[in-house]
Amino acid sequence: MIKISGFKIFKHHFSNRIINIQIKEKTLEKLSEKFSRFDLTAIEYKPFTRFTVAKYLDDLTNNELSKFLNEILRDRKTGCFIIGPEKLISKIDDIFLVKLSTAITHLIGTPNHDSMAGKFYARFHVKHEDKSDSYLRKAYTNLDLHTDGTYIKETTDWLMMTKIEEKNVEGGESVMLHLDDWEYCKELYNDPIGRENFTWSSPKSKNVDYKVEHPVFFEDSKGLPQISYIDQFPEPKNMKQGQFLQKLSEALEGSINKVITKLPAGSAIVANNYFWLHGRKPFKENKNLSRELLRIRGKFF
Ligand SMILES: [Fe+2]
């Protein structure tokens with residue numbers, strides 16, 4: 001495994017496809033000092049400032065980190081990394097984590113506008129009670145395996161999910177599945193219905209007022225399967241499409257090759273959005289349950 005000074009890098013203990021990157025304390029302190037030059041308003045209002053914080057991060061590694069992160073995400077054999085502090089030190093607060101997440105993503109590509117939040121990133125809570133209209137914030141329901149950006153026009157090559165903090169949490173583990181580990185990939189990928197156009201829409205909270213059309217499966221430049229799918233948003237046009245989606249949903253949830261992992265607070269999971277699916281296990285009921293997440297999705301440079 002490659003060595004980058006100021007970081008600890010190793011393979012995830014449950015999957016060779018996921019790379020763990022821990023940021024050492026000294027590096028965090030240097031970053032915190034550099035990041036303090038800008039407040040969140042500057043990061044939100046001035047897109048070029050986002051690249052400045054990204055450069056601070058990359059400069060600490062002689063530009064090795066950006067190269068490494070891009071290699072992981074584009075490599076079909078891996079395509080996913082978990083990055084976060086080796087130790088939670090006092091300098092790590094929510095503001096620092098927004099800046100760090102901004103820095104990491106701006107070494108990979110440009111973020112899409114997140115319509116739910118009205119900016120390039122979204123912060124949201126999962127709590128005991130929820131009145132929203134999607135599975136995202138339903139704590140006690142499985143968030144089934146899916147990819148992001150299925151109902152928007154923009155390309156969504158990658159996604160980042162950062163756990164800002166959590167309290168009174170049991171359960172709610174991250175669930176990941178790589179297409180090449182999925183037992184039913186060949187069968188579903190070769191079904192002609194998966195290559196038909198489906199209509200995708202979204203509920204009100206997503207603030208997207210159009211529908212898009214695309215198939216569930218398509219191939220990459222090397223002819224390998226790629227997927228764009230989420231259970232809640234396709235509108236099947238007929239029985240054939242409805243049955244196909246039901247079968248697909250069951251075949252994904254039924255996979256025994258899912259990677260189930262507990263993401264530490266302060267850490268982020270970043271994955272290629274076309275050959276990794278992600279989901280979340282239900283939480284154990286607790287009236288004081290609270291988890292805050294940050295997400296950024298975007299395109300490669
Ligand atoms: Fe998602």
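Biologist: Where does the largest share of the lining of the second largest pocket come from?
Modeller: From β3, with 4 residues. This is a predicted model, where local features need pLDDT of at least 70 and side-chain atom pairs count only at 80 or more, while totals for chains, interfaces and linings use all residues. Residues are numbered from 1 along each chain as its sequence is written, and side-chain values use heavy atoms, without hydrogens and water.

Biologist: Which strands each supply at least two residues there?
Modeller: β2 (18–23) and β3 (80–85) do (strands are DSSP E runs of at least two residues, numbered from the N terminus).

Biologist: And which residues lie nearest the centre of that pocket?
Modeller: N20, Q22, I82, P264 and S267, out of 13 lining residues. A pocket is an open set of points on a 1 Å grid over the protein atoms alone, where a 1.4 Å probe fits, with protein on both sides within 12 Å along at least five of seven lines; lining residues have an atom within 4 Å of a point.

Biologist: What about the largest pocket, who's nearest its centre?
Modeller: R74, D220, Q226, N272 and F275, and 13 residues line that pocket.

Biologist: New topic: what's the strand order in the open sheet of 4 strands?
Modeller: The order is β6-β16-β8-β14, with antiparallel pairing (at least two DSSP bridges).

Biologist: Why is one side of β6 and of β14 left without a neighbour in the sheet?
Modeller: Because β6 (143–146) and β14 (259–261) stand at the edges, each with a single partner strand.

Biologist: How many bridges between β8 and β14?
Modeller: 3, with β8 covering residues 174–178.

Biologist: What does M176 stand opposite?
Modeller: V259, over in β14.
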